[in-house]
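Colleague: I would like a close look at one part of this model. Please start with one side chain and work outward from there.

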Amino acid sequence: MTPTALPTTDGLPMTRGRCPFDPAPGLTALRAQAPVARMVFPDGHVGWLVTGYETVRELLADGRLSSRGDALRSPIPLPMADDRTEVAPGMFTAMDPPEHTRYRRKVAAWFSARRTRTLEPLLTALAEQHLDAMTAKGADGTPVDLLTEFAEPMAASAICELLGVPVAERAHFADCVKRLFSVHSSAEDAIGGWQTIGGLLHGLIRAKKAEPTDDLLGTLVAEGDLDDAELVTVGTVLLIAGYDTSANMITLGTFALLQHPEQLAALVADPALAPNAVEELLRYLTIVHAGSIRAAGEDMEIAGHRVAAGDAISLSLAAANRDPALVADPDRLDITREPVAHLAFGHGIHQCVGQQLARLELRIAFEILLRRLPGLRLAVPADEIRTRAEMIIYGVHELPVTW
Ligand code: HEM
């Protein structure tokens with residue numbers, strides 16, 4: 001097919017159908033019809049949308065694609081007017097090698113499976129405390145919001161613990177990160193939130209220079225390879241990438257389990273299934289539903305189609321993870337499946353650096369919730385729960401529960 005013969009979608013399909021856990025029907029239809037299609041980006045650029053598992057995976061590992069922030073275009077409208085901004089020093093998510101490699105190496109060691117495992121006792125204790133607070137609030141049967149009362153504090157604890165944000169400052173940090181993602185935030189709010197986090201991190205870096213600490217930020221400060229501006233950006237990236245994702249995955253994962261009672265019962269009956277359940281929920285829900293975004297670094301061919309240097313390419317992780325080419329019966333949540341090579345954390349050199357931490361948080365959260373609250377249930381009808389269909393990270397705006 002020539003590019004003109006390919007279907008063209010006006011923007012990334014984001015509107016969900018009846019089931020809140022299934023990807024947008026528009027994405028699923030495109031994957032069946034044209035796993036590589038043309039897409040009009042919000043700024044008018046006509047680029048590409050890839051929805052088939054094999055091609056998405058291949059492209060994520062293809063060194064000819066660029067992640068440079070000044071070459072990328074957002075696949076969804078953002079409050080920040082122009083998304084093709086200069087890349088701040090330290091913003092490694094929006095860099096290519098060798099710059100990307102330099103920063104990524106510095107932080108990756110902190111997120112290794114081995115180091116993450118050492119956090120388990122502490123994260124478990126913190127999760128118990130957050131659940132104590134949540135259950136105290138709902139002790140008289142009043143519904144409580146699992147997102148704000150449990151999932152968000154847990155996600156904040158995990159990333160702040162690793163970075164070295166003191167307990168007293170965590171709520172403030174978390175509030176600023178939340179403001180960045182709120183649909184109610186204007187461009188000014190978002191920029192304000194970004195600057196406030198920067199200010200808080202500057203303060204923290206000063207404190208760590210005066211009194212060294214052996215956490216991630218303290219160690220980077222002590223090594224002295226990065227200047228203050230780089231340190232602030234690396235810290236901000238980690239806070240932002242690690243907070244909203246985990247909080248939404250814990251909440252949406254709980255919602256999905258409550259709506260699949262047979263899966264929930266299987267997990268309660270056999271808690272050893274928890275690691276499998278976490279992988280399957282990651283695949284089934286694929287909360288980074290705006291996907292990965294790249295730009296062609298040179299003229300190239302993708303699945304037989306000619307792509308020009310500079311073309312934007314939106315890679316749908318959500319559609320890829322429901323591709324029958326990845327797994328049989330992809331639209332069924334089945335926590336007893338053997339884990340598959342899903343793309344919920346991306347793939348290639350930008351694959352989620354915090355994935356082991358995320359897995360640990362999710363496992364602890366589900367284990368504690370199911371063990372301590374066997375009567376956990378939604379406090380409102382499922383169809384009244386508002387989803388974040390239009391946001392980069394999918395999830396729900398609140399999950400009122402009782403037990
Ligand atoms: C369930 C939770 C999470 C999900 C689903 C998730 C998903 C993802 C995905 C899909 C990417 C790749 C984006 C791309 O290809 O452009 C990514 C990258 C990243 N994630 Fe996560 N993430 C989660 C939790 C975390 C946590 C806890 C951290 C901790 C700091 C984190 C830090 C990062 C960073 C820094 C990157 C960029 C890596 C790079 O550019 O080299 N994420 N994540």
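Colleague: In which helix is Arg105 found? And which residues around the ligand come nearest?

Modeller: A caution before the details: this is a predicted model. Arg105 is found in helix α3. Its relative accessibility is 65%, so Arg105 counts as exposed, the threshold being over 50%. Take Trp194 as a reference point. Arg105 and Trp194 are 89 residues apart in sequence, and their C-alpha atoms are 24 Å apart in space.

Now the ligand. There are 28 residues around it, and those that come nearest are His100, Arg104, Ser292, His350 and Cys352. Cys352 has a role of its own in the geometry: its SG is the only protein donor of the ligand's iron atom, at 2.3 Å. Cys352 sits in a loop, the one between α13 (317-321) and α14 (355-372).

Next, the oxygen atoms of the ligand. His100 places an N or O atom of its side chain 2.7 Å from one ligand oxygen. Ser292 has a polar side-chain atom 2.7 Å from an oxygen atom of the ligand. For Arg294, the distance from a polar side-chain atom to a ligand oxygen is 2.9 Å. Four elements give two or more residues to the shell: α3 (99-108), α10 (228-258), β6 (292-296) and α14. So the helix of Arg105 is one of the contributors to the shell. The most comes from α10, with 6 residues. By class, the shell has 16 nonpolar, 9 polar and 3 charged residues.

The backbone deserves a look too. Most residues other than glycine have a negative phi, and most peptide bonds are trans. Pro97 and Pro98 are joined by a cis peptide bond, with omega about 5°. Pro98 lies in the loop between β4 (65-66) and α3.

Two residues other than glycine have a positive phi. Thr286 has phi near 30°. Thr286 is in the loop between α12 (274-285) and β6. Thr286 is buried, because its relative accessible area is 2% and the limit is under 20%. Asp329 has phi near 55°. Asp329 is in the loop between α13 and α14, which is also where Cys352 is placed. At 44% relative accessibility, Asp329 counts as partly exposed.

Technical notes: Residues numbered from 1 in each chain as written. Predicted model: local features only at pLDDT ≥ 70, side-chain atom pairs only at ≥ 80, totals over all residues. Heavy atoms only, no water. Donors = N, O, S within 2.8 Å, 3.2 Å for Na, K, Ca; no water. Near = heavy atom within 4 Å. Polar contact = N/O pair within 3.5 Å; in protein donor to acceptor, adjacent residues only side chain to side chain. Nonpolar A, V, L, I, M, F, W, Y, C, P; charged D, E, K, R; others polar. Buried < 20%, exposed > 50% of the residue type's maximum accessible area, 1.4 Å probe, protein only.
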